[in-house]
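Notebook, charged pairs and one helix. I wanted to know who pairs with whom, and how buried the partners are.

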Amino acid sequence: MTVIVNPAAGRGKARLLLADLEVRLSMVIQNTHRIISWQIVETARPGDATRIAREAVAAGANIVVAAGGDGTIGEVANGLMGSQVPLAILPLGTGNDFAHSIGLGGDFDKAINNLVEGVPIAIDVGRTQGRYFVNVAGCGFDAVVAKRVNRGFRRLRGTAAYVAAVLKTLPSFRAAAIKLTLDDQVIETRAMLCSVANARYYGGGMKIAPDALLTDGMFDICLLKEVSKLEFVRAFPRVFKGTHLTHPAVQMFRSKSVKIESDRPLPVLVDGEVVGTTPAEFEMIPGGLNLIGPYIDPYDHEDHEEMEFG
């Protein structure tokens, strides 16, 4: 087992948990009475997690763990593509959106136990701009906000940081004319944003695609048409519960391929990181990555906050 830690994740929270991580990981492994060798490797700069994951696969790792936020998870996933080595997650970021989508949330103890008790599941992976993603991609307002969030807010994390960035970005943001091609369907409109979701959550807890599944081979696309800034502020809180879908300016689509063109270059967001601008194409790779996820009993009908895999 190779554990790839981004020490800067969670505004430095991951660095503070490193010593505790080693102790607790040792205890969990001992309690299973299994012989599991493991190592912890820290990243120092963007791209390190992808490189380390590839090196771990080449060295014969049976499992690679992304210990950080959504950006770290995305990097590690890129390093594992093309192999059968599964990805596991220790949520140490500020938002931990993908961890919420698979049933871990920000529960560190549950995530550590999942490393040895979880079950491997083949999940879908998206690809755009030469990069793979497991969570949510898209372009427009949300990408501009994410760029601002990534610069950092003093004393603010997760949802609070995202809301603060929204309020700072909105006054100067203007909608763009876009052409959206979904498989064989074409939509042309003025829009604030277009999210291409593989999972349900992004932006520090926003339930952007409430019905998204990681195993259905389809993207869930959320298109927000142009609205006034006042209407945006009024309706924005609904996205945290997923009730934004009933707003007249919101349209949801499902497709295997997505192409977004716009009248001006819009930043493209991939797993929490801005990686380029429009035009952009998004391709679905069904079952492209193995993920160690919490087992969800298909006969358990309790209302989980987290998503079922399908």
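I counted a salt bridge when a side-chain nitrogen of Lys or Arg sits within 4 Å of a carboxyl oxygen of Asp or Glu. This is a predicted model. With that rule I get 9 salt bridges.

Entry 1, the network. I found Arg45, Asp48, Arg51 and Glu55 joined by salt bridges into a network. Inside that network I looked up Arg51 and Asp48, whose side chains pair at 3.5 Å, N to O. Both belong to helix α2 (residues 48-58) and are 3 residues apart, about one turn of the helix. Buried or partly exposed? Asp48 is buried at 7% relative accessibility, while Arg51 is partly exposed at 38%.

Entry 2, Glu283 and Arg127. I read 2.7 Å, N to O, for this salt bridge. It ties together distant parts of the chain, with Glu283 in strand β17 (residues 280-293) and Arg127 in strand β5 (residues 119-128), 156 residues apart. Glu283 is partly exposed at 37% relative accessibility, and Arg127 is partly exposed at 27%.

Entry 3, Asp220 and Arg254. Their side chains form a salt bridge at 3.6 Å, N to O. This pair also links distant parts of the chain: Asp220 is in strand β12 (residues 219-225) and Arg254 in strand β13 (residues 250-255), 34 residues apart. I noted Asp220 as buried at 5% and Arg254 as partly exposed at 47%.

Entry 4, helix α5. Asp107 caps the N-terminal end of α5, with a side-chain oxygen 3.2 Å from the backbone nitrogen of Asp109. Within α5 (residues 108-117), I listed Phe108, Ala111, Ile112, Asn114, Leu115 and Val116 as buried.

Definitions and conventions: Residues are numbered from 1 along each chain as its sequence is written. This is a predicted model: local features need pLDDT of at least 70, side-chain atom pairs count only at pLDDT 80 or more; totals for chains, interfaces and linings use all residues. Side-chain values use heavy atoms; hydrogens and water are left out. Buried means under 20% relative accessible area, exposed over 50%, partly exposed in between (1.4 Å probe, protein chains only). Helices (H or I, at least four residues) and strands (E, at least two) are DSSP runs, numbered from the N terminus. A polar contact is a pair of N or O atoms within 3.5 Å; within protein, one must be able to donate a hydrogen and the other to accept it, and residues adjacent in sequence count only if both atoms are side-chain atoms.
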